[in-house]
Each structure stands twice: as C-alpha cells, then as structure tokens.
Amino acid sequence: MQRYKTKQINVGGVLVGGDAPVSVQSMTFSKTHDIKSTVEQIKRLQIAGCDIVRVAVPDLKDANALKKIKSQISIPLVADIHFNYRLALIAAEVADCIRINPGNIGSKERVKEVVKACKERNIPIRIGINGGSLEKEFEQKYGATPKGMVESALYNIKYLEDLGFTDIKVSLKASNAARTVEAYRMLRPLVEYPFHLGVTEAGTLFHSTIKSSIALGSLLLEGIGDTMRVSITGELEEEIRVAKAILKDSGRTNDGVNIVSCPTCGRIQADLVTAVKEIEEKTAHIKAPLNISVMGCVVNAIGEAKEADVAIAYGKGSGLIIKKGEVVAKLKEKELVERFLEEIEKESLNG
Ligand code: SF4
C-alpha cells in the first residue's frame, strides 16, 4: 500500500512526513522538573530505539527545567502543554516541538505570541486532539465521536493557518481502536499535514498491544501515519518494542529479525518454546533485516525454511539448521540453538 504523501516537517533533526521513515515516539512519566529522573528516562527510551520524546509541562517549574533537560539529551524534545500560553512561550525557547491545542490556549493574541515564538525558532506545533477532551462546542454537538475529533482538528488547524503557521502535525487519539481509526481516516484526505498516530490511554502491555496493533496497524497498512506512539501503562521500553514490531509487521520497516515460529502441537518432540524465547532475546539487538524460522517438525519446516535466511527444523532429539533453503548441519537438540544463533549473527553481518 502506498503511503499518503504528506508535508514534511522537521522535529529537532528527525524528519516527519513526506518520505521520511515512520518515527517512534514516547513520553516520560517522571515529574519533568525532576531533571535527573527525566533525563534518565529519556536515555532509557533512546537506547530502546525511541526517535522523539515528549515531556509533560503542567507547571512553571517543569517549563523551567526544559533547558537543562535538553542540554543532557540527544533526541528531539517535545513539550506537552495545555491551557497555559506562558508555559508554551518558555517551552518554545528550548523544545524541538510543542504540543498545544490553540483552541485551549486562550485569546487569539496569546496564540499569536506562541506561534511567533515557534516561527522564530523554526519549530513545529503538534495539534493533539484527544477524544476525551474536545472543546465544549464540538463535544456538545458531536460527542466524543470521530466527527467531533475531526471537526476539532480542522478548527485548530485553521486557527494556526490563519496566523500563517503551517509547520504542523496532527494527532487524533481516542481510547478505542475503531474510533481512532475512523477519525484518522476521515481527516486524512482533508489536510496535507503529517499524522502522529496513537490510541490514547490504551491500558496495560497486553491490552495496549492489541488495541494499538489493530488501530495503528490498520492505518499503517492503508498508508496513513508519519510518526507514532504506543501508550502503555507499564515500562517505557515496552512502548518502543511494541511500536517497532507494529511498524515491522505492517511493512513500514524491515529492520531487525522477523521470527516465524510454529505454535507447536502433538507432533512436537523438542522444547521449542524455551528455544524460541532464547532466540528472541538473543537476536533483539540485530538491526539487519533477517527472516528466521523455528519449526517443531518437518511438516511445515521445509516450506518455511525456503522463505527464511536461517531456519531450524526440529526432529526427535535432533534437528536441522537450514540456510537459504540448504541444510547446513544436523545437530543434537541441545546444540541447535547455539549454532543457530551463530549462523544468524553471521548472516546479519553479511546483510
Ligand atoms: S511445525 Fe510441526 S510441531 Fe509445529 S505446529 Fe506444525 S505440525 Fe506441529
């Protein structure tokens, strides 16, 4: 599926939209004014593969902390602001992007000042529509529906466009996968701005993975989406891991190892579950695009192995290592994983 052609913007050196790769974002959960914890969390996210990080700026002390935070990190920083234009002005001096909804920042004069500050530093604004907090007029007219979210987005976009500002990206998050998808689909043909995808308040690792895979996966398969966040009530790194997997499985990136493994059945005569777990952990660092398969018996193993760069076909107490469809070794079960991992490493260097 071809990707929607969107306007490209620059978030602190990371290009968003156009033909730029779909970037992965996350957000810290520390109090932003706790500089040490915030920087620590940002560094953890960066190591996990986060491209852009957002921090909440609910207070003056949070806004004042941004400068020090920015000086200690090396990925773009987005400041998330609601209602208070003074905080937006402070953030605009330091951050690489600010997330505001002009409609809730106050008078037009105040929005004008924020826009002027962003223009001066050449930083974009993310309009972040959230189904649960629409402006009163849209809430009353449409409720928390995709139509209400789209109307709110158009209103906020126009607000900025009327001030001559078009360095914009837009998100339309709902806590429900279907509503999220519908809102993004509705808005996509109406504007050229890049979209930040996400399901908001998506829940725990289990629930968020499912909701985000359905919503973000569907949109990405339709060519919609330029940057994304998977929101998880849980560990920071999980957000990045799930986001990267969604990107990979929706064909938006082919970086890293794609593991095909069978679910096992009554034919199996080996401990495949433990083997796959070990293989997944020990190949997580690989960036090269590789297809590997781990199959419990020869029934489907040979067919899968033909598609794989490296494969294992388990048998009774032993198994085959297959590379590009050719059997390269027959080993005892306990020797298989180690050799398999060696072959994967070699293959990743070739790629
Ligand atoms: S590959 Fe073999 S063990 Fe695995 S699910 Fe298929 S038939 Fe069962």
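# Exercises on a barrel and an open sheet

A closed barrel of eight strands, with parallel pairing, follows the order 3-4-5-6-7-8-9-10. From one strand to the next, the twist averages 25 degrees. The structure is a predicted model, and the exercises below work through its parts.

**Exercise 1.** Determine which strand pairs with strand 3 over three bridges, and in which sense.

*Solution.* Begin with the residue ranges: strand 3 covers residues 23–27 and strand 10 covers residues 227–229. Three bridges join these two strands, which run parallel. Next, take a single residue pair as an example: Q25 has R229 of strand 10 as its bridge partner.

**Exercise 2.** Describe the protein as a whole: its elements, its extent and its domains.

*Solution.* First, count the elements: the protein has 12 helices and 15 strands. Second, consider the extent: along the principal axes, the C-alpha atoms fill a box of roughly 75 × 40 × 30 Å. Third, consult the domain assignment, which gives domain 1 (9–249) and domain 2 (257–350). The C-alpha centres of domain 1 and domain 2 are 39 Å apart. Finally, turn to burial and contacts. Of the 351 residues, 45% count as buried. Among contacts between residues at least 6 apart in sequence, 62% join residues at least 24 apart.

**Exercise 3.** Identify which residues touch the most other members of the largest nonpolar core, and which helix gives this core its largest share.

*Solution.* The largest nonpolar core holds 75 residues, and A79, A88, A91, A95 and I98 touch the most other members. Helix 3 (residues 85–92) supplies the largest share of this core, six residues. Now examine one member closely: leaving out residues up to four places away in sequence, A95 touches L66, L77, V78, A79 and I123. A second, separate core has 24 residues, including V257, V310, I312 and L336.

**Exercise 4.** State the strand order of the open sheet and name its edge strands.

*Solution.* The open sheet consists of five strands in the order 11-12-13-14-15, with mixed pairing. Strand 11 (257–261) and strand 15 (326–332) are the edge strands, as each pairs on one side only. Direction ignored, neighbouring strands of this sheet are turned by 15 degrees against each other on average. Helix 11 packs on the sheet and touches strand 11, strand 12, strand 13 and strand 14. The direction of helix 11 makes about 175 degrees with that of strand 13.

**Exercise 5.** Establish how strand 13 is paired on its two sides.

*Solution.* Take strand 12 (residues 290–295) to begin with: this strand and strand 13 pair in the parallel sense over four bridges. Within this pairing, V294 stands opposite I312, and M295 stands opposite A313. The chain passes from strand 12 through helix 11 (residues 298–307) to strand 13, and this β-α-β crossover is right-handed. Then take strand 14 (residues 318–323), which runs antiparallel to strand 13 and is joined to it by five bridges. Here A311 has I322 as its bridge partner. The hairpin of strand 13 and strand 14 has three residues between the strands, and in this hairpin G317 takes a positive phi near 75 degrees.

**Exercise 6.** Explain why strand 13 is described as largely enclosed by the rest of the structure.

*Solution.* Recall the criterion: a residue is buried if 20 or more other C-beta atoms lie within 10 Å of its own. Now examine each face of strand 13. On one side V310, I312 and Y314 are buried, and on the other A311 and A313 are buried, so that both faces are covered. Five of the five residues of strand 13 (residues 310–314) are buried, and therefore the strand is largely enclosed by the rest of the structure.

Terms used: Residues are numbered from 1 along each chain as its sequence is written. This is a predicted model: local features need pLDDT of at least 70, side-chain atom pairs count only at pLDDT 80 or more; totals for chains, interfaces and linings use all residues. A residue is buried if 20 or more other C-beta atoms lie within 10 Å of its own, exposed if 12 or fewer, and partly exposed in between; C-beta atoms are placed from the backbone. Two strands pair if DSSP finds at least two bridges between them. A crossover is right-handed if, with the strands pointing away from the viewer, the path from the first strand over the helix to the second runs clockwise. Domain bounds come from an automatic or database domain assignment. A nonpolar core is a set of buried Ala, Val, Leu, Ile, Met, Phe, Trp, Tyr and Cys residues joined through C-beta atoms within 7 Å. Two residues are in contact if their C-beta atoms, placed from the backbone, lie within 7 Å. Axes are lines fitted to C-alpha atoms, for helices over the stretch in contact, and angles run from 0 to 180 degrees between N-to-C directions.
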